Amino acid sequence: MRFRVLVMALTVAAGALVPVAAAAPPTSSYDYTRIAGRSTVRYDDFEHEVFDVPMRDGVRIHIELYRPAAGGRFGTILKMSPYHDSPPLAEDRRGQYLVPEQHGSMVDYFVPRGYVFATADLRGSGLSQGCFDYLGQTDRKDVYEVVEWLARQPWSNGRVGMIGVSYPGSTPILAAAAQPPHLATIVPIAGWSQMYDHQFQNGVPYFLQWAGASIYEVFSVYRFARSPTGMGVAAPFCGAPTSSPLYEGEAYTSGARHPWHDAHDWSDASRSRVPVFLIHGDADFSIRINAIDWFNHRRRAGDKIWIGQWGHSAPPRDEQWVAALHAWFDKHLQGRRLPTGPTAEVFLNDESVLAAPRWPIPSKPTTLLTSSAGRLGAARDEPGVLRYVADASGHAQEHETGHVAFETEPLRTDTVLVGTPRLRLRVSVTSPKVHLIGTLYEVDGQLVNRIGQATFAIQPELRDGLDKPKVVVPGEVMMIETPGMTMAHVLRAGTRLRLVIASSHPDKVPIFGSGAVVEVIAGGDDGTSVTLPVIARPRLLPDVYQPEG
């Protein structure tokens, strides 16, 4: 545990300089349960209302809401999803998975405290009409209209916030991009901002998501919609012409960015002025953490971010999460003057917390050079070539596939990495199409652990731009620079850092390239290297949240 020396401030009192002790630094992370002035339970009864609201083109969007059974004007929390009443998922409409079980649901927790909780079915799903759109331009207009419709209701105070996890966590980002005037805040959890990044990492496809966004094909081809007899299959093949694999053509295998991706990109949410409380798990392999890149570019005062060691879910922080969300909505939907904690909190793998007043957290970019002897460090070595033969076995045997590796000496001190690393790869290949995948590992004796989602991947035809394929000449040396995914990791003293370059990986589909010879150039002035976001003099705090057991 690190401690900061107590700083003494000087002030003038009674004509003399008197030392005054500065506030003692905190000894643990921020405790949200201690925020005073949050809304309290005021309403015992609520009303459940159902609407089918026509959009500009006549298609009706199904909305259900719960509100206090009393007069007054309330802030609205909206969850817009494709899953309500859409088999096989059929997500609940009360927001049960957004808060811990002991609180029941969003309805049970927030409505008694003076909120409206609303759900809306995206067109082509649930009980809404129309054709599924993969959060494209039609959905963008729908989200805008739904937010504004809710804000116009007689019980509304004119402030609408959005929340959700996964696909429903992406609709708030879409709303921020659409910029409806009455959108007051968004809380996107494990959401993405563009379909391309959901399918590919620089042209290298992810398992599951590469299959045209997987489960969403069900909504495109067999749309479940309202029928005179209740739920039933209607409008078969309604959305198939706009589904990814049928529309992208050759780009679907090459990984090139296609106009279809441009039409399903809402990363311009980075320009939105609404306050954002973003949550994403570093262990999320359904929507990977590079999905937060749009947020990394915002740099807007008033935003907030949590990153931690969890998967595809709301943050498993129980009362701390509920209290943080409660204060956030109270501030932005009820207009209460409340603190909402640090701008950035990173919950690290050693159970410590790094807090900061801004995001991205300033780091010291530290470049590690490769060596022809397989070393990784600060020393510049003579240039040399290491080679391997690409194969597809890495999806099942991560450490057995053809590869080259570089490794540091044991680290002398704990090293905190928070931010986006970059790989500079000097390489030649014998095949015009092959995947190049770099992965960072922490090596502790015989244990080799992948670091979060610290991977770099590229289909080298896309080295000049994802929408600018360029022929790869076999044997020609290429310099490829590519960012990785946001990291949140402490490398412990005594462990080693390993960089592995391969052509297959457990998270990637090995489409082509088996048998290609890959030559990685190390050492020299412009050999392969990796740049890491090292936090200088980090002040880590123990986590105030200690789960039972």
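**Entry 1: Trp306 and its partner**

I looked up Trp306 and found that this residue is buried, with a relative accessible area of 0%. The model I am reading is a predicted one. I then asked which residue forms an aromatic pair with Trp306 in an edge-to-face arrangement. Tyr32 does so, with 5.6 Å from centre to centre and 70° between the planes. I noted that the pair links distant parts of the chain, 274 residues apart. Trp306 belongs to strand S14 (residues 304–308), whereas Tyr32 is in the loop between strand S2 (16–21) and strand S3 (46–54). Tyr32 counts as buried because its relative accessible area is 1%, and the limit for buried is under 20%.

I also looked for a wider group of rings. Ring pairs join Tyr30, Tyr32, Phe277, Trp306, Trp310, Trp321, Trp328 and Phe347 into a cluster. In the structure as a whole I recorded 21 aromatic pairs.

**Entry 2: Tyr134 and Trp260**

Next I turned to another aromatic pair, Tyr134 with Trp260, which is edge-to-face. The ring centres are 5.6 Å apart and the planes meet at 70°. Why does this pair tie together separate parts of the sequence? Tyr134 lies in the loop between strand S6 (115–121) and helix H2 (137–151), and Trp260 lies in helix H8 (residues 259–262), so the parts that are joined are 126 residues apart in sequence. I checked whether each residue is buried or exposed. Tyr134 has 0% relative accessibility and therefore counts as buried. Trp260, at 3%, is buried too.

**Entry 3: charges over rings**

I searched for charged side chains placed over aromatic rings. Arg288 has its charged end over the ring of Tyr206, 3.7 Å from the ring centre. Arg113 lies over the face of Tyr109, at 3.9 Å from the centre of that ring.

**Entry 4: the largest pocket**

I then examined the open spaces. The largest pocket has a volume of about 690 Å³. How many residues line the largest pocket, and which lie nearest its centre? I recorded 34 lining residues, and Asp293, Asn296, His297, Thr420 and Pro483 are those nearest the centre. Helix H4 (195–199), strand S9 (200–201), helix H9 (293–296), strand S21 (415–419) and strand S29 (529–534) each give two or more residues to this lining. By class, I noted 15 nonpolar, 14 polar and five charged residues in the lining of the largest pocket.

**Entry 5: the second largest pocket**

For the second largest pocket I wrote down a volume of about 390 Å³. This pocket is lined by 17 residues, and Thr366, Leu368, Thr408, Leu411 and Thr415 are the closest to its centre. Strand S17 (364–370), strand S18 (376–377), S21 and S29 each contribute two or more residues to the lining. I had already met S21 and S29 as contributors to the lining of the largest pocket. The lining of the second largest pocket divides into 10 nonpolar, five polar and two charged residues.

**Entry 6: Gly335**

Last, I looked up Gly335, which is in the loop between helix H10 (318–333) and strand S15 (344–347). Is Gly335 buried, partly exposed or exposed? With 41% relative accessibility, Gly335 counts as partly exposed. Apart from neighbours within four places in sequence, Gly335 is in contact with Arg159 and Asp330. I also noted the spacing to Gly75: the two C-alpha atoms are separated by 9.4 Å, although Gly335 and Gly75 are 260 residues apart along the chain.

Note on methods: Residues are numbered from 1 along each chain as its sequence is written. This is a predicted model: local features need pLDDT of at least 70, side-chain atom pairs count only at pLDDT 80 or more; totals for chains, interfaces and linings use all residues. Side-chain values use heavy atoms; hydrogens and water are left out. Rings of Phe, Tyr and Trp (its six-membered ring) pair if their centres lie within 6.5 Å; planes under 30 degrees apart count as stacked, over 60 as edge-to-face and the rest as tilted. Helices (H or I, at least four residues) and strands (E, at least two) are DSSP runs, numbered from the N terminus. Buried means under 20% relative accessible area, exposed over 50%, partly exposed in between (1.4 Å probe, protein chains only). A charge sits over a ring if NZ of Lys or CZ of Arg is within 6 Å of the ring centre and within 35 degrees of the ring normal. On a 1 Å grid over the protein atoms alone, a cavity is a set of points where a 1.4 Å probe fits but cannot get out, and a pocket is an open set with protein on both sides within 12 Å along at least five of seven lines; lining residues have an atom within 4 Å of a point. Grid points are joined across faces, edges and corners, and a volume is the space filled by probe spheres set on the points. Ala, Val, Leu, Ile, Met, Phe, Trp, Tyr, Cys and Pro count as nonpolar, Asp, Glu, Lys and Arg as charged, and the others, Gly among them, as polar. Contact means heavy atoms within 4.5 Å.
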